[in-house]
Amino acid sequence: RYHTTIPQAAKEAVWTALKACHEANRDRNRVIHDTWATRPGSATVTLHSSRTPHDVTVAVRTLNEVRHLAEQLADAAHELRAAMAAALGPDWARLEDQLRQELGHDVNADLDR
């Protein structure tokens with residue numbers, strides 16, 4: 001949002017792609033963390049708890065629905081990669097490596113301080 005050299009249209013494309021990634025990842029987390037059982041026919045049973053411990057919602061997902069979610073994740077990642085390249089150029093993925101070289105150490109180490 002705050003990068004001044006990126007055109008507004010490119011920022012919006014990145015923002016849209018990030019939102020799609022967030023939504024697909026949220027759905028993926030529900031499948032991964034809420035799945036309690038596999039039923040015949042390759043269906044998974046998902047239990048969603050709510051604010052009260054005795055309220056539980058049961059959802060059943062088929063293998064095809066899980067595959068569709070995997071495709072959504074891949075599509076969202078592809079769209080984000082394309083939006084980042086359009087906004088920052090084809091070498092955008094190398095920016096972290098460039099910063100590491102310029103600073104002379106692992107940038108992630110700065111987060112521990």
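A residue is called buried when its relative accessible area is under 20%, exposed when it is over 50%, and partly exposed in between. These classes are applied below to a predicted model. By this rule arginine 26, at 42% relative accessibility, counts as partly exposed because its value falls between the two limits.

The chain has 113 residues, of which 18% are buried. It holds three helices and three strands, and their order from the N terminus is α-β-β-β-α-α. Among contacts with a sequence separation of 6 or more, 35% join residues that are 24 or more positions apart. The surface exposed by the chain comes to about 8800 Å², and 54% of this is supplied by carbon and sulfur atoms.

The largest nonpolar core consists of eight residues, namely Ile6, Ala10, Val14, Ala17, Leu80, Ala83, Met84 and Ala87. Helix H1 and helix H2 (63–88) each contribute at least two residues to this core. The largest share, four residues, is that of H2.

Helix H2 is 26 residues in length, and its first and last C-alpha atoms are 37 Å apart, close to the 38 Å expected at 1.5 Å a residue. Its buried residues are Leu69, Ala76, Leu80, Ala83, Met84 and Ala87. In an α-helix there are 3.6 residues a turn, so residues three or four places apart point the same way. Just after H2, glycine 89 has a positive phi of about 100°.

Methionine 84, which is found in helix H2, is one of the residues of the largest nonpolar core. Its relative accessible area is 18%, so methionine 84 is buried. Once neighbours within four places in sequence are set aside, methionine 84 is in contact with Val14, Gly89 and Trp92. Of these partners, Val14 also belongs to the largest nonpolar core, and Gly89 is the residue with positive phi just after H2. Methionine 84 and tryptophan 15 are separated by 69 residues in sequence, while their C-alpha atoms are 9.8 Å apart.

Helix H1 spans residues 8–34 and includes alanine 13. Alanine 13 has a relative accessibility of 35% and therefore counts as partly exposed. Between alanine 13 and leucine 80 the C-alpha to C-alpha distance is 8.2 Å, although the two are 67 residues apart in sequence. Leucine 80 is among the buried residues of H2 and is also one of the members of the largest nonpolar core.

Arginine 28 is likewise placed in helix H1. At 30% relative accessibility, arginine 28 counts as partly exposed. With residues up to four places away in sequence not counted, arginine 28 touches His33, Leu69 and Leu73. Among these partners, Leu69 is a buried residue of H2. For arginine 28 and leucine 73, a sequence separation of 45 residues goes with a C-alpha to C-alpha distance of 8.2 Å. The side chain of arginine 28 also makes a polar contact, at 2.5 Å, with the side chain of asparagine 29.

Side chains of opposite charge can pair when their charged atoms come close. In the whole structure, two salt bridges are found. One of them joins arginine 26 and aspartate 27, with 3.8 Å between the closest N and O atoms. The distance lies within the 4 Å limit that is set for a salt bridge. Arginine 26 is partly exposed at 42% relative accessibility, and aspartate 27 also counts as partly exposed, at 27%. A salt bridge also links the side chains of arginine 94 and aspartate 91, with an N to O distance of 3.4 Å. Here arginine 94 counts as exposed because its relative accessibility is 53%, whereas aspartate 91, at 43%, counts as partly exposed.

How values were computed: Residues numbered from 1 in each chain as written. Predicted model: local features only at pLDDT ≥ 70, side-chain atom pairs only at ≥ 80, totals over all residues. Heavy atoms only, no water. Buried < 20%, exposed > 50% of the residue type's maximum accessible area, 1.4 Å probe, protein only. Contact = heavy atoms within 4.5 Å. Areas by Shrake-Rupley, 256 points an atom, 1.4 Å probe, with all protein chains shown as cover. Core = buried A, V, L, I, M, F, W, Y, C linked by side-chain atoms within 4.5 Å. Expected span 1.5 Å × (residues − 1). Polar contact = N/O pair within 3.5 Å; in protein donor to acceptor, adjacent residues only side chain to side chain.
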